[in-house]
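Here are a few exercises to work through with the model open in your viewer. Try each one before you read the solution.

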Amino acid sequence: MGTALSKGAEGPPRAGGRLRGGRGGAALNRCVETRAAFPPPITKAGVCGAAWKPGCGHPRLWIRTQLQPTRAADVGAQRFGMDFGGTKRVSQPTTSDETVVAGGTVVLKCQVEDPDDSSLQWSNPAQQTLYFGEKRALRDNRIQLKRSTPNELTISISDVVLSDEGEYTCSIFTMPVRTAKALVTVLGVPQKPQIFGHEQPIDEEKIARLTCRSSGSKPAAQLRWKKGNKELKAEGTEVVEDSNGKTFTVSSRVEFRVTKEDNDAEVTCTVDHESLQNSERSTTQKLQVHYKPTAKIEPHPQYPREGEKLQLQCDGQGNPVPQEFLWEKEGSDAPLQLSSDSILIFPFLNKSDSGTYICTATSSMGSVIAKYNLDVSDLSQLPTPHVHSNPAPPPGPSQPISHASMATASSSTPAPIQDASPVPSTSSTYHAVIGGVVAVIVFLLLSLLIVLGHYLIRHKGTYLTHEAKGSDDAPDADTAIINAEGGQAGGDDKKEYFI
């Protein structure tokens, strides 16, 4: 009884080779090598047994066959995965594509309905075997076995990096070998965006140009702008591939005109990307806007009297804040004060201090003028400030040009005039109060006089009545006195009582 293989006595046939039958059938175990998913194996000396062993080189397909005379139907059935009886021997393995964020964990599952006593294998895009059944083939601690059964092989890869992206292959070593592909897509997480162009303050009414940039995204991320709660439309977006050839850097530009209300306004750039999983990654910066100053004069105390101390404070606001204050009095040739101090002090007010006082506040953005009218009278009257809305006249040829005036002349627009808040006149109010108090005092005095007069009149009448009794019929004064004394001595019931 003779048997023959496709390569004769030289060795076992390759996968897909023909089986030639000889006379009689002898049950033999043969090791048939497959080259579908492996490089050429390194076969150790000796003959492999009936089961595959780690020492037998790469995994092999082991079949137990009864050699029979070759038939065309047998050859066709073998090529299409059918056994010699014409029934289906093995099914196609199934996998699924996976998407994972860089740094996360991806799970690869391979399933087959009928393994036909064959093992499943996972290999990476470089065709390196990761797991063959439950046996680890690649020393990478990130790759772990999750489940291994005849019908399923599931593994996990943790701490995924961008280089892990690609097609992973699940193979089942039947004749022929059957495979299934699983595409793993790794998402690059974009870095926190950065805003450029806000480093220097922006002058009022100028155009602000800001740039937002975020790198490391895969695929390219989307950037959007907000100023406060208002959306800003980007002027343009640029996408550049990073040096690693896998991720992208995205830049977005925005332009808008600023006003003084934009000072300290918050501008936010937000990056949107599917790897962020419905969370936001954004950066916020505050704008610094330089604008012209404003000023007003406030007196302390608000209602000064003659002989009291008075302080006039020039309250300057702006960005930057005014650092120079010039005090002048209308009609006076020389300035009263030029310094960084915004307060003008009157130690002892008198009538000669009456007049209009001018404060010129100056910053790098220009100058502004505020006026205050002081009217000092005697102690019974209060000063009544008035508002001046007309701008101060420019210095004439004979008048000295102050530092503030030069700053105003150098600016593009003349310094505006800020009027001091008028102080309401209260003379009529005080006069009414005083008149009321005087009227009450007069009324009380009159009432007291009436009461006293009435009492005195009653007391005097009673005294004269008792004194005249008994002397009405006397011919002369001496007789009247004698009769009066005798009448008092003789009548006990006639007495005078003083209460």
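**Exercise 1.** In this predicted model, work out in which sense S10 and strand S11 pair, and over how many bridges.

*Solution.* Start with strand S11, residues 152-157, and set it beside S10. The two run antiparallel, with 6 bridges between them. To check one rung of the ladder, take glutamine 144: its bridge partner in S11 is serine 156.

**Exercise 2.** Now put that pair into its sheet: what is the strand order, and which strands sit at the edges?

*Solution.* The sheet is open and has 3 strands, in the order S6-S11-S10, with antiparallel pairing. Next, look for strands that pair on one side only: these are strand S6 (106-111) and strand S10 (143-149), the edge strands. Going from one strand to the next, the twist averages 15 degrees.

**Exercise 3.** Find the glutamate that forms a salt bridge with lysine 218, and say which parts of the chain the pair ties together.

*Solution.* The partner is glutamate 165, at 2.6 Å from N to O, well inside the rule that the two atoms be within 4 Å. Then place both residues: lysine 218 is in the loop between strand S16 (207-217) and strand S17 (222-227), while glutamate 165 is in the loop between S11 and strand S12 (166-172), so the bridge ties together parts 53 residues apart in sequence. Last, check accessibility. Lysine 218 has 12% relative accessibility and so counts as buried, the cut-off being under 20%. Glutamate 165, at 27%, is partly exposed.

**Exercise 4.** Do the same for glutamate 280 and arginine 224: where does each lie, and is glutamate 280 buried or exposed?

*Solution.* Their closest N and O atoms are 2.6 Å apart, in a salt bridge. Glutamate 280 belongs to the loop between strand S21 (266-272) and strand S22 (281-286), and arginine 224 to strand S17, so this pair ties together parts 56 residues apart in sequence. With 55% relative accessibility, glutamate 280 counts as exposed; arginine 224, at 26%, is partly exposed.

**Exercise 5.** How many salt bridges does the structure hold, and which residues are linked in a network of them?

*Solution.* The count comes to 11. Among them is the bridge between lysine 296 and glutamate 298, with the closest N and O atoms 3.4 Å apart. Lysine 296 is partly exposed at 35%, and glutamate 298 is partly exposed at 28%. As for the network, it links Asp140, Arg142 and Asp164.

Notes:
Residues are numbered from 1 along each chain as its sequence is written. This is a predicted model: local features need pLDDT of at least 70, side-chain atom pairs count only at pLDDT 80 or more; totals for chains, interfaces and linings use all residues. Side-chain values use heavy atoms; hydrogens and water are left out. Two strands pair if DSSP finds at least two bridges between them. Helices (H or I, at least four residues) and strands (E, at least two) are DSSP runs, numbered from the N terminus. Axes are lines fitted to C-alpha atoms, for helices over the stretch in contact, and angles run from 0 to 180 degrees between N-to-C directions. A salt bridge is a side-chain nitrogen of Lys or Arg within 4 Å of a carboxyl oxygen of Asp or Glu. Buried means under 20% relative accessible area, exposed over 50%, partly exposed in between (1.4 Å probe, protein chains only).
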